[in-house]
Every structure is written in structure tokens, then in C-alpha cells.
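Please open the structure in the viewer and keep a selection panel at hand. The tour proceeds by selection, one site after another.

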Amino acid sequence: MKLMIALALAASQPAISQAADPVVAKPPRPAMGASFMTDDDYPADARKAGLEGTTKFSLRISNKGKVLGCRIVQSSGVPSLDAATCEIMSKMRFTAAQDANGNRIEAEYARSLDWRLPGR
């Protein structure tokens with residue numbers, strides 16, 4: 001059973017580049033689709049309490065596509081959903097960002113995760 005969690009991957013949300021970062025010509029992108037989650041990923045306390053929410057997060061992606069860190073930019077209001085967001089997203093692999101010369105670089109990847117209870 002697929003968990004009703006939507007990973008917002010809209011092109012209108014570009015990667016966040018920090019001042020010290022080189023110019024990102026190609027932002028990082030997930031190496032796998034958004035169907036990597038299951039119902040078991042929904043935190044038990046949030047499921048039992050009927051809690052849902054949207055967590056906005058930012059990941060630091062290495063030049064090898066590995067998640068170096070996760071930061072919650074805007075909480076869902078449910079601590080276990082926020083913690084699960086970083087736990088799940090930190091396991092993902094990415095295609096590294098590239099600079100204007102095609103070199104793989106470290107960069108930020110910012111999106112949101114919509115947590116919706118299974119069966120809704």
C-alpha cells in the first residue's frame with residue numbers, strides 16, 4: 001500500500017544557493033521517484049492522533065549525490081512528522097548539482113513533504 005505522502009518537486013521551487021556556493025547551473029535532483037515511502041513511514045503517534053501536515057525542508061547535497069544534512073525550514077506543527085521527514089529524506093540519493101562548466105558541486109535542495117493519513 002502506498003503512503004499518501006506527496007513530495008512537492010515543482011520546478012517553481014529552485015534549489016537554495018548560499019552565498020558561498022558556486023553558481024548552480026543544474027540543481028540536484030532525486031535519483032529515484034517519489035514512491036520510495038510506505039504506510040510504515042508514517043509516524044505511529046501522528047497516525048493514532050489523526051495528525052497531518054506539510055513540512056518544508058532543505059537538504060545539503062554533496063557533489064556525489066549524498067545527503068549531508070537536513071534542516072526543517074517550516075514545521076508541520078507535528079514534531080514526529082518533521083523528524084520523519086529528515087529521516088526519510090536523508091536516506092535518499094541524488095544526482096549532484098552541476099556548475100556552468102558541468103562540474104558536480106555541493107548544493108542545497110529545498111522542497112516540502114505533505115503528510116496525509118493513509119486511506120484519506
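Select Arg93 and display its surroundings: beyond the neighbours within four places in sequence, Arg93 is in contact (heavy atoms within 4.5 Å) with Pro30, Ala31, Met32, Lys64, Gly65 and Lys66. The model is a predicted one, in which local features need pLDDT of at least 70 and side-chain atom pairs count only at pLDDT 80 or more, whereas totals for chains, interfaces and linings use all residues. Residues are numbered from 1 along each chain as its sequence is written, and side-chain values use heavy atoms, with hydrogens and water left out.

Arg93 itself belongs to the loop between α2 and β5 (94-95); helices (H or I, at least four residues) and strands (E, at least two) are DSSP runs, numbered from the N terminus. Its relative accessibility is 39%, so Arg93 counts as partly exposed; buried means under 20% relative accessible area, exposed over 50%, and partly exposed in between, with a 1.4 Å probe and protein chains only. Add Pro28 to the selection: it is 65 residues from Arg93 in sequence, with a C-alpha to C-alpha distance of 9.9 Å.

Move next to Arg29, in strand β2. Arg29 is likewise described as partly exposed, at 44% relative accessibility. Residues up to four places away in sequence not being counted, Arg29 touches Phe94, Thr95 and Tyr109. A further check is the C-alpha distance from Arg29 to Ile61, which is 9.4 Å for two residues 32 apart along the chain.

From Tyr109, select Arg111. Arg111 lies over the face of Tyr109, at 4.5 Å from the ring centre; the criterion is NZ of Lys or CZ of Arg within 6 Å of the ring centre and within 35 degrees of the ring normal.

Now colour the chain by secondary structure. Two helices and eight strands appear, and along the sequence they follow the pattern β-β-α-β-β-α-β-β-β-β. Of the contacts in the protein with a separation of 6 or more, 77% are between residues 24 or more positions apart.

Select β3 and β4. These strands run antiparallel and are joined by six bridges; two strands pair if DSSP finds at least two bridges between them. Within this pairing, Ser58 stands opposite Arg71 in β4. Five residues lie between the strands of the hairpin, where Gly65 takes a positive phi near 90°. Gly65 is also one of the residues in contact with Arg93.

Keep β3 and add β8. The two strands pair in the antiparallel sense over nine bridges, and Thr55 has Leu113 in β8 as its bridge partner. Eight of the nine residues of β8 are buried, so this strand is largely enclosed by the rest of the structure.

Which feature should be sought around Trp115? The structure holds two aromatic pairs, where rings of Phe, Tyr and Trp (its six-membered ring) pair if their centres lie within 6.5 Å, with planes under 30 degrees apart counted as stacked, over 60 as edge-to-face and the rest as tilted. In one of them, the ring centres of Tyr42 and Trp115 are 5.4 Å apart and the planes are at 85°, so the pair is edge-to-face. Tyr42 is in the loop between β2 (29-30) and α1 (44-49) and Trp115 in strand β8 (residues 107-115), 73 residues apart, so the pair links distant parts of the chain. Both Tyr42 and Trp115 are buried.Next, display the largest nonpolar core, which has 18 residues, those with the most contacts inside it being Leu59, Phe94 and Trp115. Such a core is a set of buried Ala, Val, Leu, Ile, Met, Phe, Trp, Tyr and Cys residues joined through side-chain atoms within 4.5 Å. At least two residues of this core come from each of β3 (53-61), α2 and β8, and α2 gives the most, with four residues.

Select α2 on its own. The helix is mostly covered, with eight of its 11 residues buried; among them are Leu81, Ala84, Cys86, Ile88 and Met89.

Finish at Cys86. A search of the whole structure finds one disulfide, defined as a pair of cysteine sulfur atoms within 2.5 Å. The disulfide joins Cys70 to Cys86, with an S to S distance of 2.0 Å. The torsion about this S-S bond is about -75°, so the disulfide is left-handed. Cys70 is in strand β4 (residues 67-74) and Cys86 in helix α2 (residues 79-89), 16 residues apart. Cys70 is partly exposed, with a relative accessible area of 25%, whereas Cys86 is buried, at 14%.
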